[in-house]
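Trainee: I am new to this structure and would like to learn how to read the surroundings of a ligand. Where should we begin?

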Amino acid sequence: MNRQFDKSVLKHRSVDEITGGRRMRRNRKAGWVRDLTRENRLTASDLIWPIFLISGINRREPIEAMPDVYRITCDLAAGEAEKAAALGIPAIATFPNIEPDLRDQTGSNILAADNLINQATRAIKAAVPEMGVITDAALDPFTDHGHDGILRDGRIVNDESVSVIARAAVLQAEAGADIIAPSDMMDGRIGAIRDALDAGGFNDVGIMSYATKYASSFYGPYREAIGTQGLLKGDKRSYYIDPANTDEAVRDAALDVEEGADMLLVKPGLPYLDIIWRLKQRFAMPTFAYQVSGEYSMIRAAAQNQWIDGEKAMMESLIAFKRAGCDGIMTYFAPQAAALLSRD
Ligand code: PBG
């Protein structure tokens, strides 16, 4: 059957009839009006700069998968803190690459008052007292198996790990850390760290909870950076969150808030913007994202191949965190982004 084509279908309305005269492009027509109506802004004061440490003096080692990121000695870390301060970056987070012969089954070097993390905190604080120093109390840099807790009979034992982590947190506070950011995901660690800090007279030292840390493949380059890549046996799925879950992340964050967390962190960043949004809406806590090593490497690798504009992709990724509700971002891009912002 050959139906007669209805010509009236082709008669379409004018755009003004369709939109009723409402035109979104008016507010996009020029730079000044785009500036005026911009909803989110990134500033250097939103950034936390994670740095990698090695022992020794005046040494800087490249990390293959992370162009422009280095493992540095404590004296150089102090210099980086000066650079960060000049750029307006408020805080540095430190991650140590511990010498292999100091790593053991229980991560005992984390309880040495003068270990690499604590040496770096002292060096940074001596050079730039006003720089915020954020330290991690997870065991993975210190264990010879690369897990974040103590490994016993093939299992990561929770409660014993928590007592080491809480003691390590006090040593880090003694060295001058301002915020303890435990990345281990053991149950009860926030409450235990709070108790230990308070008992040690450190009630002004805060806790940034890695409330929702996912069992992610985006941590690969970090493991190269701290030298756990070849060590890690198995995976971390018995303590990190399954990437398929969101309610579980909310429940985990709720516990951390109850236990006394001062701030929440979501890790990784970009693949988990929905979690950032949910936590910010739900808890109204200072909320941060960790744009992790693999996210940095992806952007840098694509830029190196000239597949994307690296600077623009960096800034777009950072504003996405603000849009999702972040108060700040822990990112290896911190110095580069801050330098770019100060040029504007
Ligand atoms: C472990 C830890 C990880 C990162 C920081 N601390 C993850 C892991 O190795 O399992 C990842 C950071 C990054 O990828 O930038 N406590």
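Mentor: Begin with residue classes: the shell around the ligand has eight nonpolar, two polar and seven charged residues (Ala, Val, Leu, Ile, Met, Phe, Trp, Tyr, Cys and Pro count as nonpolar, Asp, Glu, Lys and Arg as charged, and the others, Gly among them, as polar). The model is predicted, so local features need pLDDT of at least 70 and side-chain atom pairs pLDDT 80 or more, while totals for chains, interfaces and linings use all residues. Residues are numbered from 1 along each chain as its sequence is written, and side-chain values use heavy atoms, without hydrogens and water.

Trainee: How many residues surround the ligand, and which are the closest?

Mentor: There are 17 around the ligand, each with a heavy atom within 4 Å of it. Ser183, Arg223, Lys236, Ser293 and Tyr332 are the closest.

Trainee: Which side chain has an N or O atom 2.8 Å from a nitrogen atom of the ligand?

Mentor: That side chain belongs to Asp140. For oxygen atoms of the ligand, an N or O atom lies 2.6 Å away in the side chain of Arg223, and 2.6 Å is also the distance for Tyr332. Taken alone, the ligand exposes 400 Å² (Shrake-Rupley method, 1.4 Å probe), and the protein buries 100% of that.

Trainee: Where does the ligand sit?

Mentor: The ligand sits in the largest cavity, with more than half of its atoms within 2 Å of the grid points. A cavity is a set of points, on a 1 Å grid over the protein atoms alone, where a 1.4 Å probe fits but cannot get out; lining residues have an atom within 4 Å of a point. The largest cavity holds about 100 Å³ of space, counted as the space filled by probe spheres set on the points. Its lining has 15 residues, and Lys213, Tyr219, Tyr222, Lys267 and Tyr290 are the closest to its centre. By class, seven lining residues are nonpolar, two polar and six charged.

Technical notes
Polar contact = N/O pair within 3.5 Å; in protein donor to acceptor, adjacent residues only side chain to side chain. 1 Å grid on protein atoms, 1.4 Å probe; cavity = no way out; pocket = protein on both sides within 12 Å on 5 of 7 lines; lining within 4 Å.
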